[in-house]
Amino acid sequence: MHTAQSTPANAAVGTNRAEVARLFTAEQAAEVLQVPPSWLRKKAAAGAIPHTRIGRHLRFSAGDLQRLVAAGQRGPADARRG
């Protein structure tokens with residue numbers, strides 16, 4: 001005899017909480033990056049920085065934050081230019 005197993009609703013779409021990346025609010029992301037939340041909101045609205053929109057909600061993934069840091073990294077000045 002075959003019995004039906006109950007599965008969580010999110011299993012039907014092939015995902016679970018462990019697979020969903022944590023998303024940060026502008027305030028949380030700003031704290032991590034040590035910048036004002038208003039700066040993040042302004043840059044996101046202009047499409048200048050990576051972000052995620054869930055409906056009207058602005059969110060940032062860990063990958064978004066890593067890309068922001070990488071984009072801002074600068075190496076030592078090239079001595080030949082001096």
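Start with Ser61, which touches Arg22, Leu23, Phe24 and Arg67 once residues up to four places away in sequence are set aside. Ser61 belongs to strand 3. Is Ser61 buried or exposed? At 15% relative accessibility, Ser61 counts as buried, because the cut-off for buried is under 20%. Keep in mind that all of this comes from a predicted model.

**The overall layout**

Zooming out, the protein chain holds 3 helices and 3 strands. Walk along the sequence and you get the pattern β-α-α-β-β-α. Of the 82 residues in the protein chain, 17% are buried. Looking at contacts with a separation of 6 or more, 42% of them link residues 24 or more positions apart.

**The sheet**

The 3 strands form an open sheet in the order 1-3-2, and the pairing is antiparallel. Strand 1 (23-24) and strand 2 (52-54) are the edge strands, each of them pairing on one side only. As general background, strands of a sheet pair through backbone hydrogen bonds, either parallel or antiparallel.

Strand 3 pairs with strand 2 over 3 bridges, and with strand 1 over 2 bridges. Here are some of the bridge partners:

| Residue | Bridge partner in strand 3 |
|---|---|
| Ile54 | His57 |
| Thr52 | Arg59 |
| Phe24 | Phe60 |

The hairpin of strand 2 and strand 3 has 2 residues between the strands, and Gly55 takes a positive phi near 65° there.

**The core**

Which residues make up the largest nonpolar core? There are 11 residues in all: Phe24, Ala26, Ala29, Ala30, Leu40, Ala44, Ile49, Leu58, Phe60, Leu65 and Leu68. Two or more residues apiece come from helix 1 (26-33), helix 2 (37-45), strand 3 (57-61) and helix 3 (62-72). Helix 1 gives the most, with 3 residues. In general terms, nonpolar side chains tend to be buried together in soluble globular proteins.

Ala29 is a handy residue to click on in this core. Leaving out its neighbours within four places in sequence, Ala29 is in contact with Phe24, Leu40, Phe60 and Leu65. Two of those names, Phe24 and Phe60, have already come up as bridge partners.

**How helix 3 fits in**

Helix 3 lies across strand 1, strand 2 and strand 3, and runs at about 70° to strand 3. Which residues of helix 3 are buried? They are Gly63, Asp64, Leu65 and Leu68. The buried residues of helix 3 pack against strand 1, strand 2 and strand 3, and also against helix 1 and helix 2. Leu65 and Leu68 are part of the largest nonpolar core too.

Now for the helix pair. The axes of helix 1 and helix 3 come within 11 Å and cross at roughly 40°. That angle makes helix 1 oblique to helix 3. The crossing of helix 1 past helix 3 is right-handed. Where the two helices meet, helix 1 brings Ala29, Val32 and Leu33, while helix 3 brings Leu65, Leu68 and Val69.

**Back to the start**

Ser61 sits in strand 3, and its contacts include Phe24, whose bridge partner in strand 3 is Phe60. Phe24 and Phe60 are both among the residues of the largest nonpolar core, and both are in contact with Ala29. Ala29, in turn, is one of the helix 1 residues that meet helix 3.

Definitions and conventions. Residues are numbered from 1 along each chain as its sequence is written. This is a predicted model: local features need pLDDT of at least 70, side-chain atom pairs count only at pLDDT 80 or more; totals for chains, interfaces and linings use all residues. Side-chain values use heavy atoms; hydrogens and water are left out. A nonpolar core is a set of buried Ala, Val, Leu, Ile, Met, Phe, Trp, Tyr and Cys residues joined through side-chain atoms within 4.5 Å. Buried means under 20% relative accessible area, exposed over 50%, partly exposed in between (1.4 Å probe, protein chains only). Helices (H or I, at least four residues) and strands (E, at least two) are DSSP runs, numbered from the N terminus. Contact means heavy atoms within 4.5 Å. Two strands pair if DSSP finds at least two bridges between them. Axes are lines fitted to C-alpha atoms, for helices over the stretch in contact, and angles run from 0 to 180 degrees between N-to-C directions. Angles under 35 degrees count as roughly parallel, over 145 as roughly antiparallel, 65 to 115 as roughly perpendicular and the rest as oblique. A crossing is left-handed if the near helix is turned anticlockwise from the far one by less than a right angle, and right-handed if clockwise.
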